[in-house]
Amino acid sequence: MARVLVADDDTDIRELVAFKLTSDGHEVTAVEDGLRALQAIQEGKVDLALLDIRMPEMSGLDVCRTLRAAPETAALPILLITARSQEGDVEVGFAAGADDYIIKPFSPRELSRRVEAVLARAGR
C-alpha cells in the first residue's frame with residue numbers, strides 16, 4: 001500500500017485518520033503542523049500527503065504551494081482536509097495545487113475512498 005503523511009493540529013482527527021489509513025494497510029506518518037509536514041516529506045518517501053488547511057506554523061495551503069513549487073515534490077498527490085466548505089474555499093484549495101478536498105466532518109469510509117481515488121489517479 002501507500003506511504004501517507006497526515007498533518008492536522010487536531011489530535012482526535014489526526015489519530016482517527018491515521019487509524020483508518022493504517023487499518024486500510026497504509027504506512028502512516030502523522031504530524032501536528034505544516035513545518036513538520038514539510039520536514040517529514042523531505043526526510044522520507046511519501047506517496048500521498050493529507051493536509052489540514054488550518055495548522056500552526058504553516059498552513060496546509062502553504063505546504064501545498066511549497067510542495068508544488070519544488071520539482072522533487074511537484075507531482076506528489078495532495079488531499080486537503082478542512083472544515084471550510086464554502087465554494088470559494090474549495091477553489092482556493094485547488095488553486096494551491098490540491099488533488100482533492102475533503103470537508104470535515106467526514107466518514108472514515110469516505111476518507112478511504114478519496115485516498116484510494118487520488119492514489120489511483122496518480123498511478124500509485
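**Pocket lining, helix faces and loop residues in a predicted model**

Helix α2 provides the largest share of the lining of the largest pocket, namely 3 residues. The structure described here is a predicted model. The volume of the largest pocket is about 240 Å³. Its lining is made up of 14 residues, of which Ile41, Leu67, Glu72, Thr73 and Leu76 are the closest to the centre of the pocket. Both α2, spanning residues 34–43, and α3 contribute at least two residues to this lining. By character, the lining residues comprise 7 nonpolar, 4 polar and 3 charged.

The two helices were then examined for the distribution of their buried residues. In α2, the buried residues are Gly34, Ala37, Leu38, Ala40 and Ile41. These residues cover an arc of only 165° around the axis and therefore lie on the same side of α2. Gln42 and Glu43, on the other side of α2, are exposed. The packing partners of the buried residues of α2 are β1, β2 (residues 27–31), β3 and α3. At the N-terminal end of α2, aspartate 33 acts as a cap, with a side-chain oxygen 3.1 Å from the backbone nitrogen of leucine 35.

Helix α3 consists of residues 60–69, and its buried residues include Gly60, Leu61, Val63, Cys64 and Leu67. Viewed down the axis of α3, the buried residues fall within an arc of 160°, so they line one face of the helix. Leu67 thus appears in two settings: Leu67 is buried in α3, and Leu67 is also among the residues closest to the centre of the largest pocket. Ile41 is likewise buried in α2 and is listed among the residues closest to the centre of that pocket.

Leucine 80 belongs to strand β4, which covers residues 78–82. With a relative accessible area of 0%, leucine 80 is buried because the limit for that class is under 20%. Beyond residues up to four places away in sequence, leucine 80 touches Leu51, Ile53, Gly60, Leu61, Gly93, Ala98, Asp100, Tyr101 and Ile102. Two of these partners, Gly60 and Leu61, are buried residues of α3. The C-alpha atoms of leucine 80 and isoleucine 103 are separated by 8.4 Å, although the two residues are 23 residues apart along the chain.

A further group of contacts involves aspartate 8 and lysine 104. Aspartate 8 is located in the loop between β1 (residues 3–7) and α1 (residues 11–23), and its relative accessibility of 1% places it in the buried class. A polar atom of the aspartate 8 side chain lies 2.8 Å from the backbone nitrogen of aspartate 10. Apart from neighbours within four places in sequence, aspartate 8 is in contact with Ile13, Arg14, Val31, Glu32, Asp52, Met55 and Lys104.

Lysine 104 occupies the loop between β5 (residues 100–103) and α5 (residues 108–121). Its relative accessible area is 19%, and lysine 104 therefore counts as buried, the limit being under 20%. The side chain of lysine 104 forms a polar contact of 3.2 Å with that of aspartate 8 and another, of 3.4 Å, with that of aspartate 52. When neighbours within four places in sequence are set aside, lysine 104 is in contact with Asp8, Ile13, Asp52, Ile81, Thr82 and Ala83. Ile13 and Asp52 are contacts of aspartate 8 and also of lysine 104. The peptide bond that joins lysine 104 to proline 105 is cis, with omega about -5°. Proline 105 is also placed in the loop between β5 and α5.

The loop between β3 (residues 48–52) and α3 holds arginine 54. Arginine 54 is exposed, its relative accessible area being 53%. Outside residues up to four places away in sequence, arginine 54 touches Asp9 and Arg84. A distance of 26 Å separates the C-alpha atoms of arginine 54 and arginine 121, which are 67 residues apart along the chain. Glutamate 57 is found in the loop between β3 and α3 as well, and at 62% relative accessibility glutamate 57 counts as exposed. The backbone of glutamate 57 has a phi near 75°, a positive value in a residue other than glycine.

Conventions:
Residues are numbered from 1 along each chain as its sequence is written. This is a predicted model: local features need pLDDT of at least 70, side-chain atom pairs count only at pLDDT 80 or more; totals for chains, interfaces and linings use all residues. Side-chain values use heavy atoms; hydrogens and water are left out. Buried means under 20% relative accessible area, exposed over 50%, partly exposed in between (1.4 Å probe, protein chains only). Helices (H or I, at least four residues) and strands (E, at least two) are DSSP runs, numbered from the N terminus. The arc is that of the directions from the helix axis to the C-beta atoms. On a 1 Å grid over the protein atoms alone, a cavity is a set of points where a 1.4 Å probe fits but cannot get out, and a pocket is an open set with protein on both sides within 12 Å along at least five of seven lines; lining residues have an atom within 4 Å of a point. Grid points are joined across faces, edges and corners, and a volume is the space filled by probe spheres set on the points. Ala, Val, Leu, Ile, Met, Phe, Trp, Tyr, Cys and Pro count as nonpolar, Asp, Glu, Lys and Arg as charged, and the others, Gly among them, as polar. Contact means heavy atoms within 4.5 Å. A polar contact is a pair of N or O atoms within 3.5 Å; within protein, one must be able to donate a hydrogen and the other to accept it, and residues adjacent in sequence count only if both atoms are side-chain atoms.
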